[in-house]
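Visitor: I should like to learn how to read the burial pattern of a single helix. Could we work through one together?

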Amino acid sequence: MNYLSAESISKSYGDRWLFQNLNFGINLGQRIALVGINGSGKSTLLNVLAGLIPPDTGSVSVRKGIKIGYLGQQPIFNESLTVHETIFATSNEILATIQDYEKCLEDSNTSAEKMQAVMERMDELGAWDYELKITQILSKLGIHHLDRQISQLSGGQRKRVAMARVLIDEPDLLILDEPTNHLDLDTIEWLEGLLSTSQQTLLMVTHDRYFLDKVATEVAELDRGQIFSYKGNYTYFVEKKAEREVQQDAEIEKARNLMRKELDWMRRQPKARGTKSKSRIDAFYDLKDKANSKVTTTNLELSVKTTRQGGKIIEVDHINKSFGEKRVINDFSYVFKKKDRIGIIGQNGAGKTTFLNILTGKLQPDSGEIATGETTVFGYYTQDELTFRDDQRVIDVVKEIAEVVETGKGETITAAQFLQHFQFSPAMQYTYVSKLSGGEKRRLQLLRVLIKNPNFLILDEPTNDLDIITLNILEDFLLNFGGCLLIVSHDRYFMDQLVEHIFVFDGEGNIKSFPGNYTDYREYLAEQEKEEKEKPETKPVVPAPAAPVAMPGTTEKKRKLSFNEKREFEQLDEAIQQLEARKTDLFNQMASESVDHKKMAENAALLKEIEAELEAKTERWLELADLMD
């Protein structure tokens, strides 16, 4: 059953066409993810399909009786309403019946007959279960103060209210634009489970690749004004898109070869017997358009040169921070090491951004100290919007920071070349910043941070509003980054690719340090939960019988390594190799040094420390290896 059809729709802004003569449809039960680069027109297309803006040409038709629910990136509300009034301001019959029931309960003058009628209507509509669902949605989205005015909410809170409203309304077709923005990881996983297990017909734009892979059954790519559909999840899309681009490149090259011959024909003057064939001339211009199409280009492998980093990076010593009675950091200490790659997770409001601001000196702790090394250079990407003048073009905003950039390989590239690597074409570089899409502005803001050659890079929700292609470029860039990396992100795939350590904020001020990436941490929690369930009930302690003597030829059954011990074993192996390498380097350095008694004494003391640490780690490695065998 067809729910929505778009026929020959087009939309332009100024002299730029986002799409022309586009045909698109959504059927019952489809769960489609719309992907494409920033500025390709994804959000505009959603707005046209949802009926919020008209197309320039063509038409959108919705099947009679089909209700559409739309969640935009920047929800618009009546600022004078409360959260409760906003969420329940709908024509949903079930909601209206629930509200009638609640009014009857509050009114002591309600007659028995009226109460009976309302309760029967609740039964007919299944409203009792629906009321329970509403409670669950509000709880999972962290919406508790229903009497607050919309005008008092932050951007993230407004997005959650809009999400609650559209889910509670139970539309036939749900259209979501970046639904995971401003949600914490637990809420994203709950929403992911809700949408993937329901029969909801869905069209969404999302950059969250795990979310996309789990929820979507089809991927539609908006590329240069055309829609390319793929029946499958994100993994299937990546594979088939690569095949399509290879085929497209071959067709473009073939068209270019043919155009050279046709161009020669077009340049020749018509003979006396007649004029050139009009159909052949028309075909020439069609061929020219195809030949001038963009050929797929391979992204350059690029790394920015990082400022030299000394031995001391940042030392955090027993810091505390509270806002009123709310404690956000409780007695936390950590010594950052070279090439640390740390991810920060926790619920919204748990203190993650506060922690970053304390590290960078924008905010002072209530107690404790932050000691920053003299050579540490911060690059801090915040959630604040990019600031610019109305007369500034993209290239101007970058050149404010640097005219040229030195890469990790010692090469020098211009600001224009660096922009092109991050998907800003030469034409786009001279576009006014005010004309960029939200995602393009975020991409430009991120580039301004990276171009400063920091050696301690802090990224606070860098994936918000970025397209998947840009995320892949950013991931490759950060994998080559030679300094320390500290990331706050709700994008699980992004975290898994880049971090090796996790700081977990529990919302009560406690920060737990976990070795591993986000998936490792979730597996650890699942194992802990499983062990807790399997733990036998506590029984009275009785004296243990004497251990039996093992009979000849029998072996005692060894216990298996826990998840933490497996992780420790892997990390010990790597640490031992690094210590051995440091030991060898130190020996070579001592052998090649001129006689400097002070330096020799320092190196001898350092060698002693390395050997002691190596011995301890090797002994622990042997213990775990024995259990693993």
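Visitor: Which residues of α4 are buried?

Guide: A residue counts as buried when its relative accessible area is under 20%. In this predicted model, the buried residues of α4 are M115, V118 and M122.

Visitor: How are these residues placed around the axis of α4?

Guide: The arc to consider is that of the directions from the helix axis to the C-beta atoms. For M115, V118 and M122, the arc is only 65°, so they lie on the same side of α4.

Visitor: Which residues are exposed on the other side of α4?

Guide: Exposed means over 50% relative accessible area. On that other side, A112, E113, D123 and E124 are exposed.

Visitor: What covers the buried residues of α4?

Guide: The cover includes two helices, α3 (93-106) and α5 (127-140).

Visitor: How many residues does α4 have, and what does it reach from its first C-alpha to its last?

Guide: Helix α4 comprises residues 112-125, which is 14 residues. From first C-alpha to last, α4 reaches 20 Å, close to the 20 Å expected at 1.5 Å a residue.

Visitor: What phi does G126 take, just after α4?

Guide: G126 takes a positive phi of about 65°.

Visitor: Turning to the whole chain, how many helices and strands are there?

Guide: The chain has 19 helices and 20 strands. Of its 629 residues, 44% count as buried. The chain exposes about 34700 Å², and carbon and sulfur atoms supply 50% of that area.

Key:
Residues are numbered from 1 along each chain as its sequence is written. This is a predicted model: local features need pLDDT of at least 70, side-chain atom pairs count only at pLDDT 80 or more; totals for chains, interfaces and linings use all residues. Side-chain values use heavy atoms; hydrogens and water are left out. Helices (H or I, at least four residues) and strands (E, at least two) are DSSP runs, numbered from the N terminus. Buried means under 20% relative accessible area, exposed over 50%, partly exposed in between (1.4 Å probe, protein chains only). Accessible areas come from the Shrake-Rupley method with a 1.4 Å probe; for residues, only the protein chains shown count as cover. The expected span of a helix is 1.5 Å times one less than its number of residues. Contact means heavy atoms within 4.5 Å.
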